[in-house]
Amino acid sequence: MFGDSKIVKKMKEEPLVPIGVGLTVCALLYAAWGLHYKNIQQAQRGMRGRVIMQGLTVCALVGYGVFKTKDTSQAGQTNMRPINWDKLEREAQEAEALDLAKGNVSPAMEKLIAQAKREREEKAKSVIAKSIFVQEVPEPKK
């Protein structure tokens, strides 16, 4: 039952994290014991130890995350599929047109659609303007 658990699997993959958590709890209990018996030096050592153990635990978490990310990127194993942005844009425009044709668009959505169209037109104009001004000039003949 516990051998197949996700927690047990993570503990086997990243053993420093549960060890760090355990040491953090021990340091906290040590500090609480000192506070209970009014031993200020013991409480202070316990709190400092807790901070150190907690920091080391966080470093272990970050370290495992960095190494795991490097391993996955080097192996080329990604769970993400590539996004076809042109197809997505086309489908969104078709959906907008369909909604406009049916009259299912709220006034706020109409404003957003008009704004998006203006932005697309401005972008197209700027691309055209750049292509006009960036023309190849022939080199002078000698």
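A residue counts as exposed when its relative accessible area is over 50%, as buried when that area is under 20%, and as partly exposed in between. Keep these cut-offs in mind as you look through the close-ups of this predicted model.

**Figure 1. The whole chain is built from five helices and zero strands.** Reading along the sequence gives the pattern α-α-α-α-α. Buried residues make up 11% of the 142 residues. The protein exposes about 12,800 Å², and carbon and sulfur atoms supply 63% of that area. Of the contacts with a separation of 6 or more, 50% join residues that are 24 or more positions apart.

**Figure 2. Confidence varies from helix to helix, with helix 2 having the highest mean pLDDT.** The mean is 95 for helix 2, while helix 5 (residues 107-133) has the lowest, at 79. Over the protein the average pLDDT is 83, and 83% of the residues score at least 70. A word of care for any model like this: where pLDDT is low, the predicted coordinates should not be read in detail.

**Figure 3. K38 sits in the loop between helix 2 (16-36) and helix 3.** Is K38 buried or exposed? Its relative accessibility is 69%, so K38 counts as exposed. Now look at the backbone: phi of K38 is near 55°, a positive value in a residue other than glycine. That is worth a second glance, because most residues other than glycine have a negative phi.

**Figure 4. Q42 is a buried residue of helix 3.** Why does Q42 count as buried? Its relative accessibility is 12%, and the cut-off for buried is under 20%. Which residues does Q42 touch, leaving out those up to four places away in sequence? They are Y30, A31, W33 and G34.

**Figure 5. A nonpolar patch lies on the surface, made by V58, V62, V66 and F67.** Its area is about 360 Å². One of its members, V62, lies in helix 3 (residues 40-75). A handy rule helps when you look at any such helix: an α-helix has 3.6 residues a turn, so residues three or four places apart point the same way.

**Figure 6. E13 and K68 form one of the two salt bridges.** The closest N and O atoms of E13 and K68 are 3.4 Å apart. E13 belongs to helix 1 (residues 6-13) and K68 to helix 3, so this pair ties together parts that are 55 residues apart in sequence. E13 is partly exposed, with a relative accessible area of 38%. K68 is also partly exposed, at 39%.

**Figure 7. R120 and E89 form a salt bridge between helix 5 and helix 4.** Here the closest N and O atoms are 3.4 Å apart. The pair links distant parts of the chain, with R120 and E89 lying 31 residues apart. R120 counts as partly exposed because its relative accessibility is 34%. E89 is partly exposed too, with a relative accessible area of 36%.

**Figure 8. Helix 4 (residues 85-102) agrees with its expected span.** How far should its 18 residues reach, at 1.5 Å a residue? They should span 26 Å, and the end C-alpha atoms are 26 Å apart, which agrees. If you try the sum yourself, multiply 1.5 Å by one less than the number of residues. Just after helix 4 comes G103, which takes a positive phi of about 80°.

Definitions and conventions:
Residues numbered from 1 in each chain as written. Predicted model: local features only at pLDDT ≥ 70, side-chain atom pairs only at ≥ 80, totals over all residues. Heavy atoms only, no water. Patch = residues over 30% accessible without salt bridge, like charges linked within 9 Å, V, L, I, M, F, W, Y side chains within 5 Å. Areas by Shrake-Rupley, 256 points an atom, 1.4 Å probe, with all protein chains shown as cover. Salt bridge = Lys/Arg side-chain N within 4 Å of Asp/Glu carboxyl O. Helix = DSSP H or I, 4+ residues; strand = E, 2+ residues; numbered from the N terminus. Buried < 20%, exposed > 50% of the residue type's maximum accessible area, 1.4 Å probe, protein only. Contact = heavy atoms within 4.5 Å. pLDDT = per-residue confidence, 0-100.
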